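Visitor: Could you walk me through this structure? I have not looked at it before.
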Amino acid sequence: MLDLRIIDGTGTERRAIVDDQSGLVVSVNTSPPIGVQKNKIFRGYLTSSAGATDMRVNGSVTNVDFSISASNTADRYITQLSFIIADAGASLNTFGNLAALTNGCFLYYNRLGEIVTIHNALKSNWDFVRLCSGQPAFGATTNAFIASNVFGLSEGVIPVLDLTKMLPPYGIKLDQSSTQTITLTVRDNCTGVDQFDCIAYGFDRLAE
């Protein structure tokens with residue numbers, strides 16, 4: 001058995017302590033590290049191959065992908081996806097104010113060539129709200145989760161998917177210069193709603 005010790009390298013000879021449960025005793029330093037901040041805020045829409053952010057497309061014959069891609073300069077971590085589906089008279093059991101979708105939207109991410117499904121058939125406003133665990137929660141009874149005037153005078157749902165609860169603590173990582181993406185595939189005709197898009201939030205972890 002080797003007797004190994006972790007000692008402060010600055011000459012103080014302070015040693016790390018192991019408790020009676022074989023756990024290393026550590027404490028969080030409340031001061032930020034000195035030097036260049038290596039994380040940079042990221043915000044971007046899921047976009048089509050043509051760069052469009054408006055997901056009101058007809059994907060019933062030819063499916064349309066909207067994605068966030070990896071960065072060429074940093075590892076990218078996506079922590080939240082913010083959806084909006086707005087339409088006059090929207091209710092939870094419809095898509096906007098249209099009938100619930102037939103095929104539904106497919107939400108997934110690409111991990112080293114593997115397709116990881118987050119939801120395979122988002123068909124109604126409620127499907128999006130439920131995926132996001134009812135967050136943000138507001139309203140009551142018939143108005144629960146439905147916000148007023150989110151697009152002109154149209155009501156809508158505005159659920160936010162917290163990916164750090166699915167993959168703690170940093171959400172979904174898109175490796176630098178990789179083909180990894182987070183993608184929502186529209187597989188129905190969604191042109192009839194007033195607004196439908198998604199914004200991704202997170203940060204880029206810079207090397208320098």
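Guide: We can talk about the core, one strand, one helix residue and a surface patch.

Guide: This is a predicted model, in which local features need pLDDT of at least 70 and side-chain atom pairs count only at pLDDT 80 or more, while totals for chains, interfaces and linings use all residues. Residues are numbered from 1 along each chain as its sequence is written, and side-chain values use heavy atoms, with hydrogens and water left out.

Visitor: Which residues touch the most other members of the largest nonpolar core?
Guide: Leu81, Leu107, Leu184 and Phe196 do, in a core of 39 residues. A nonpolar core is a set of buried Ala, Val, Leu, Ile, Met, Phe, Trp, Tyr and Cys residues joined through side-chain atoms within 4.5 Å, where buried means under 20% relative accessible area, exposed over 50% and partly exposed in between (1.4 Å probe, protein chains only).

Visitor: And which strand gives the largest share of this core?
Guide: That is β5, with four residues. Strands (E, at least two residues) and helices (H or I, at least four) are DSSP runs numbered from the N terminus.

Visitor: What about β6, is it buried or exposed?
Guide: Six of its seven residues are buried, so β6 is largely enclosed by the rest of the structure.

Visitor: Which way do β6 and β7 pair?
Guide: They pair in the antiparallel sense over six bridges, pairing being counted if DSSP finds at least two bridges between two strands. Cys105 stands opposite Leu122 in β7, and in the hairpin of β6 and β7, with two residues between the strands, Leu112 takes a positive phi near 50°. β6 also runs antiparallel to β12, joined by four bridges, and Tyr108 stands opposite Thr183 in β12.

Visitor: Switching to helix α1, what does Leu131 touch?
Guide: Leaving aside neighbours within four places in sequence, Leu131 is in contact (heavy atoms within 4.5 Å) with Leu107, Ile118, His119, Leu122, Leu161 and Met166. Leu131, found in helix α1, is buried, with a relative accessible area of 11%.

Visitor: Now the outside: which residues form a nonpolar patch on the surface?
Guide: Ile6, Val18, Leu24 and Val26 do, with about 410 Å² of accessible area together, by the Shrake-Rupley method with a 1.4 Å probe, where for residues only the protein chains shown count as cover. Patches are made of residues with over 30% relative accessible area and no salt bridge (a side-chain nitrogen of Lys or Arg within 4 Å of a carboxyl oxygen of Asp or Glu), with nonpolar side chains (Val, Leu, Ile, Met, Phe, Trp, Tyr) joined within 5 Å and like charges within 9 Å.

Visitor: Where does Val26 lie?
Guide: Val26 lies in the loop between β2 (24-25) and β3 (39-45), and is exposed, with a relative accessible area of 65%.
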